[in-house]
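Notebook open, model loaded. I want to look up some helix packing, a few buried side chains and some odd backbone spots.

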Amino acid sequence: MKVPFLNLKAQYDSISEEVQRSIAEVLSRCAFSGGPYVEKFEEEFAAFCGSKHAAGVGSGTEALWLALLGLGVQPGDEVITVPNSFIATAEAISLCGARPVFVDVQEDSFTMAPALLPQAITKRTKVIIPVHLYGQTADMDPILSIAERHGIAVLEDACQAHGSEYKGRRAGSLGHAACFSFYPGKNLGAYGEAGGVVTNDEQLAKKIKMLRDHGQSRKYYHDVIGMNGRMDGIQGAVLSVKLKYLDSWNKQRRANALKYQEKLAGVTGVKVPDEMDYAHHVYHVFAVRSRNREKMRSDLQASGIDCGVHYPVPIHLQEAYAARKELAGKFPVAESCAEELLSLPMFPELTGSEVDYICQEVKRHSNVPDSA
Ligand SMILES: *Cc1c(COP(=O)(O)O)cnc(C)c1O
């Protein structure tokens, strides 16, 4: 049996008529850049997150960059985040001329360890970015209270957490602002590149909308230096269609995760991810821990199962951050995640028999004695 890591085509086929109709509408109105379809999606998505405002932008990376600029991050500032994220989280900090400062993550959730946060805070710390990795929010309450004590803003990197919840509150409504990616493979994916910032802060939303549009207050009057960070009209229309299905798609992901968890519980050498007590996990990624990850990966590949690794190199050890290599060994949990986590196929349309087959092959290969 062949099982892909992701199957965007299956999802497209299930909504293709509706999507094509919505795209045709955008084309006939020539609402290509920003405009009514983006505004409609902004309203719907803010409401979905339980938040007041949303700004549609070009990508998740741009969302993070614009949100940090909107929060006033400047050269010389420090922004705290985790080393086991997609590079974009740190990149956005660096693009502002600020310095990423890393805090290690918790062994059980792979998200920011609140206990390690206070020692990373300095007079220059401007923002803290917890990452809701793999679809599960970070432990936000302690992070928010530490931040509040120091007068520091908290920006959620919710790029993998559309519809995820913390103690019944949705990702996107937890911090000062939150950033989402609508990259095609995300739980809510556009048909091209797109991203968004969500916030309850009206002033911040206004500032971000100005920054994404060359800092103009009206056409050709530029109050501040911004950029072109607008969302395409077509993406806004596609996202409005897809948003209606997001809850049911997330439910299917959770059902698949439950099946994996039941079938792989107690298998030697493989640890399935846990859902924290505070969380409603939306399983953007289903990453199991294996002490012999590379062998497991190639064995599963040989059985026709595509897996992924998120991410093979923690940010502080990336070539792009070579200047920070003195940090090697400082974040042992993030470093072990990079060595041991293997992402199994996970998408709403994954079938029961595919999950059965994957679990059967994982069990078969885990019988091989590992190197440890
Ligand atoms: C996908 C992702 C981003 C970047 O989003 P793009 O839309 O690809 O620019 C940022 N942070 C995390 C955690 C992501 O998964």
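Before anything else, I fix what I call a helix or strand: helices (H or I) are DSSP runs of at least four residues, strands (E) are runs of at least two, and both are numbered from the N terminus. With that, I can place Tyr311 in the loop between α8 and α9 (332-340). I should also note that this is a predicted model.

**Entry 1: the cis peptide**

I went to Tyr311 for its backbone. The peptide bond joining His310 and Tyr311 is cis, with omega at about 10°. That puts one partner of the cis bond, Tyr311, in the α8-α9 loop.

**Entry 2: positive phi**

Next I looked up two tyrosines. Tyr220 has phi near 70°, which is positive in a residue other than glycine. I find Tyr220 in the loop between β10 (216-218) and β11 (221-222). Is Tyr220 buried or exposed? With a relative accessible area of 63%, Tyr220 is exposed.

Tyr283 also isn't a glycine, and its phi is positive at about 45°. Its loop runs between β13 (279-280) and β14 (286-290). Tyr283 has a relative accessible area of 2%, so I log Tyr283 as buried.

**Entry 3: Asn187 and Lys186**

Tyr283 turns up again in the contact list of Asn187, so I went there. Asn187 sits in the loop between β8 (177-181) and β9 (195-199). I get 3% relative accessibility for Asn187, so Asn187 goes down as buried.

Which side chains make polar contacts with the side chain of Asn187? One is Asn250, at 2.9 Å. Another is His284, at 3.0 Å. Skipping residues up to four places away in sequence, Asn187 touches His162, Leu246, Trp249, Asn250, Arg253, Val282, Tyr283 and His284.

Lys186 lies in the β8-β9 loop too. Lys186 comes out buried because its relative accessible area is 17%, and the cut-off for buried is under 20%. Its contacts beyond four places in sequence are Cys159, His162, Ser181, Arg253 and His284. I also checked Lys186 against Glu340: they are 154 residues apart along the chain, and their C-alpha atoms are separated by 23 Å.

**Entry 4: Arg170**

Arg170 is in strand β7 (residues 169-170). At 18% relative accessibility, Arg170 counts as buried. What does the side chain of Arg170 reach at 2.9 Å? It is the backbone oxygen of Phe48. Phe48 is also among the contacts of Arg170, along with Cys49, Gly163, Ser164, Glu165 and Asp247, once neighbours within four places in sequence are left aside.

**Entry 5: Val238, then α1 against α7**

Val238 is in helix α7 (residues 233-264). Its relative accessible area is 0%, so Val238 is buried. Leaving out neighbours within four places, I list Val19, Ser22, Ile23 and Tyr191 as its contacts. Glu165, 73 residues from Val238 along the chain, is 24 Å away by C-alpha atoms.

Some of those contacts led me to α1. Helix α1 (residues 8-29) packs on α7 at an angle of about 150°, and the axes are 8 Å apart. That makes α1 roughly antiparallel to α7, since the cut-off is over 145 degrees. The crossing of α1 past α7 is right-handed.

On the α1 side I noted Gln11, Ile15, Glu18, Val19, Ser22, Ile23, Val26 and Leu27. They meet Gly233, Ile234, Ala237, Val238, Val241, Lys242, Lys244, Tyr245 and Trp249 of α7. Sorted by class, the α1-α7 contact has 11 nonpolar, 3 polar and 3 charged residues.

**Entry 6: α8 against α10**

Last pair. The axes of α8 (residues 293-302) and α10 (residues 352-366) come within 10 Å and cross at roughly 130°. That makes α8 oblique to α10. α8 passes α10 in a right-handed crossing.

Which residues make the contact? From α8 I have Met296, Asp299 and Leu300, and from α10 Glu361, Val362, His365 and Ser366. By class, I count 3 nonpolar, 2 polar and 2 charged in the contact of α8 with α10.

Terms used: Residues numbered from 1 in each chain as written. Predicted model: local features only at pLDDT ≥ 70, side-chain atom pairs only at ≥ 80, totals over all residues. Heavy atoms only, no water. Axes fitted to C-alpha atoms, helices over the stretch in contact; angles between N-to-C directions. Parallel < 35°, antiparallel > 145°, perpendicular 65-115°, else oblique. Left-handed = near helix turned anticlockwise from the far one by under 90°. Contact = heavy atoms within 4.5 Å. Nonpolar A, V, L, I, M, F, W, Y, C, P; charged D, E, K, R; others polar. Buried < 20%, exposed > 50% of the residue type's maximum accessible area, 1.4 Å probe, protein only. Polar contact = N/O pair within 3.5 Å; in protein donor to acceptor, adjacent residues only side chain to side chain.
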